[in-house]
Amino acid sequence: MSFSLAIIGRPNVGKSTLFNRLTGKKLALVDDRPGVTRDRREGEAKLADLRFTIIDTAGLEEGRGPTLEGRMRAQTENAILSADAILFLIDARVGVTPDDKYFADLVRRAGKPVILIANKAEGKAGGPGVYDAFSLGLGDPVPFSAEHGEGMGALYDALREALPEETAEPFEDDVAIEENLRNDDEDGSDLDVTKPLRIAVVGRPNAGKSTLINRILGEERLLTGPEAGITRDSISVDFVWRDRKMKLFDTAGLRKRARVVDKLEKLSAADALRAVRFSEVVVLLVDSTIPFEKQDLSIADLAAREGRAVVIALGKWDLVENRDATLLKLREDAERLLAQLRGCPVVPVSGATGQGLDKLMQAILAVHEIWNRRIGTGRLNRWLLTQIEETPPPAVSGRRIKIRYMTQAKSRPPHFVLFGNQLDELPTSYERFLINGLRKTFDLPGVPIRISKKSGENPFEGRHKG
């Protein structure tokens, strides 16, 4: 049972609210202002026993060519072409408008099954608009309230009728049940290549994030242009690169918090931060012509605090002169300015020309493997013994801090636990010394490293060595 639905309609009829209702998550930004959604967004939706892909689109407006409205409309038309059926929304409280009639003709010409939804039909105010919807000639309207979840049963029946084959009950043998399995292989890695690798592309406004993702995908999947702040939602796109499943998140540009005063921009920023938390690898796209501004460093620090692996992409590389010297300097700057992510890959790329995309994807896979890596307890403690002998922990109040044992508690990111006495007094400088040693000895560049401390006896003492 697999099909896709595109939500179509003029601005401010509740398309994103319906999208959030069917996905069960607040993935799309919702605001009273029209035109909030600009890119098309896909999500996995369910309605009773139906499972399908839902596509949220920009509000249909008359416009063609290179204007922002024209590019938004092109995105919506692509969504219509890719969908199995169309959910055409009108505002029941407003009734049928001339724009509704114009775009109903456009939807009709697409030749796809259409389900007409009269949204905002709750209460008496929506009744006349529901009857008015019959005049569009798109079949019986479904009275609905995306805000309150009313009309879900009628929508279910309409989907069954519009897509009888796609919504037919599957044979039990054909039902594939996917479980999130934790990979506990003894090869020192928690890497699970069966699940999509989640990548968030973040950066300042107008750094070229959407352009870069379009180049990676090989299609104009995301809306782009010279205007800063075109992307508002965090858009996720599934694709396959060299047989590896991936999910890319395009995010809104992040400015300094003091400059963000508009409510919609605050929502967009929060959505971008959520994309970082959902991701595994964060690609920080830096404008090579004005690199490593304070906001770039703040975004990198955010990714590190969230425990994500990081790749720095030097965007707009086609505009850089004296590239060898510039690349050397920027890599030195990254080492100096981002000590918490020391050794993270720094890859020059150009969304305009496609330069460096293979190296970027390889860097993403490499840092993701490191992020999942586990180090054997025996190797860890042989290394720890050497470190303590060469540079012992300092004494506190005349008593020397004793570190007896070390183990890796988990990966994603690598997290180590120290056992010993008076570890609460262990200076931050010595923790940094250990982290730098772990990074260098066990080849852990580009990922945050966590250390926890537990005082008391070695819990593994006396166990049989296997």
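Contact means heavy atoms within 4.5 Å. This is a predicted model, in which local features need pLDDT of at least 70 and side-chain atom pairs count only at pLDDT 80 or more, while totals for chains, interfaces and linings use all residues. Residues are numbered from 1 along each chain as its sequence is written, and side-chain values use heavy atoms, with hydrogens and water left out. The protein chain holds 12 helices and 17 strands; these are DSSP runs numbered from the N terminus, helices being H or I runs of at least four residues and strands E runs of at least two. Of its 466 residues, 51% count as buried, that is, under 20% relative accessible area, against over 50% for exposed and in between for partly exposed (1.4 Å probe, protein chains only). Among contacts in the chain between residues at least 6 apart in sequence, 70% join residues at least 24 apart.

**Helix H1 and the six-stranded sheet**

- An open sheet of 6 strands has the order S2-S3-S1-S4-S5-S6, with mixed pairing; two strands pair if DSSP finds at least two bridges between them.
- Strand S2 (41-47) and strand S6 (142-143) are the edge strands, each pairing on one side only.
- Strand S1 (residues 4-8) pairs with strand S4 (residues 85-91) in the parallel sense over 4 bridges, and Ile8 has Phe88 in S4 as its bridge partner.
- Helix H3 (residues 98-109) lies across S1, S4 and strand S5 (114-119), running at about 175° to S4; such angles run from 0 to 180 degrees between N-to-C directions, and axes are lines fitted to C-alpha atoms, for helices over the stretch in contact.
- Helix H1 (residues 15-23) has 8 of its 9 residues buried, so this helix is largely enclosed by the rest of the structure.
- The buried residues of H1 are Lys15, Ser16, Thr17, Leu18, Phe19, Asn20, Leu22 and Thr23.
- These buried residues pack against S1, S2, strand S3 (50-56), S4, S5 and helix H5 (152-162).
- Gly24, which follows H1, has a positive phi near 75°.

**The largest nonpolar core**

- The largest nonpolar core has 51 residues, of which Leu360, Ile364, Ile403 and Leu438 touch the most other members; a nonpolar core is a set of buried Ala, Val, Leu, Ile, Met, Phe, Trp, Tyr and Cys residues joined through side-chain atoms within 4.5 Å.
- Helix H10 (residues 357-371) supplies the largest share of this core, 8 residues.
- Leaving out residues up to four places away in sequence, Leu360 touches Leu212, Ile216, Val283, Val311, Ala313, Val347 and Val349.

**Packing of H6 on H10**

- Helix H6 (residues 209-217) and H10 have axes that come within 11 Å and cross at roughly 95°.
- The two helices, H6 and H10, are therefore roughly perpendicular to each other, where 65 to 115 degrees counts as roughly perpendicular, under 35 as roughly parallel, over 145 as roughly antiparallel and the rest as oblique.
- Leu212, Arg215 and Ile216 in H6 meet Leu357, Leu360 and Met361 in H10.
- The residues of this contact are 5 nonpolar, no polar and 1 charged; Ala, Val, Leu, Ile, Met, Phe, Trp, Tyr, Cys and Pro count as nonpolar, Asp, Glu, Lys and Arg as charged, and the others, Gly among them, as polar.

**Ile312 in strand S11**

- Ile312 lies in strand S11 (residues 309-315) and counts as buried, at 0% relative accessibility.
- Outside its neighbours within four places in sequence, Ile312 is in contact with Leu284, Val286, Phe292, Ala334, Leu338, Cys344, Pro345, Val346 and Val347.
- Ile312 and Val349 are 37 residues apart in sequence, and their C-alpha atoms are 9.9 Å apart in space.

**The three-stranded sheet and H12**

- A second grouping, S15-S16-S17, is an open sheet of 3 strands with mixed pairing.
- Strand S15 (402-410) and strand S17 (450-455) stand at the edges with a single partner strand each, so one side of each has no neighbour in the sheet.
- Neighbouring strands of this sheet are turned by 25° against each other on average, direction ignored.
- S15 and strand S16 (residues 415-421) run antiparallel and are joined by 7 bridges; in S16, Phe416 is the bridge partner of Gln408 and Val417 that of Thr407.
- Helix H12 (residues 428-441) packs on the sheet, touching S15, S16 and S17, and its direction makes about 125° with that of S17.
- The hairpin of S15 and S16 has 4 residues between the strands, and in this hairpin Arg412 takes a positive phi near 60°.
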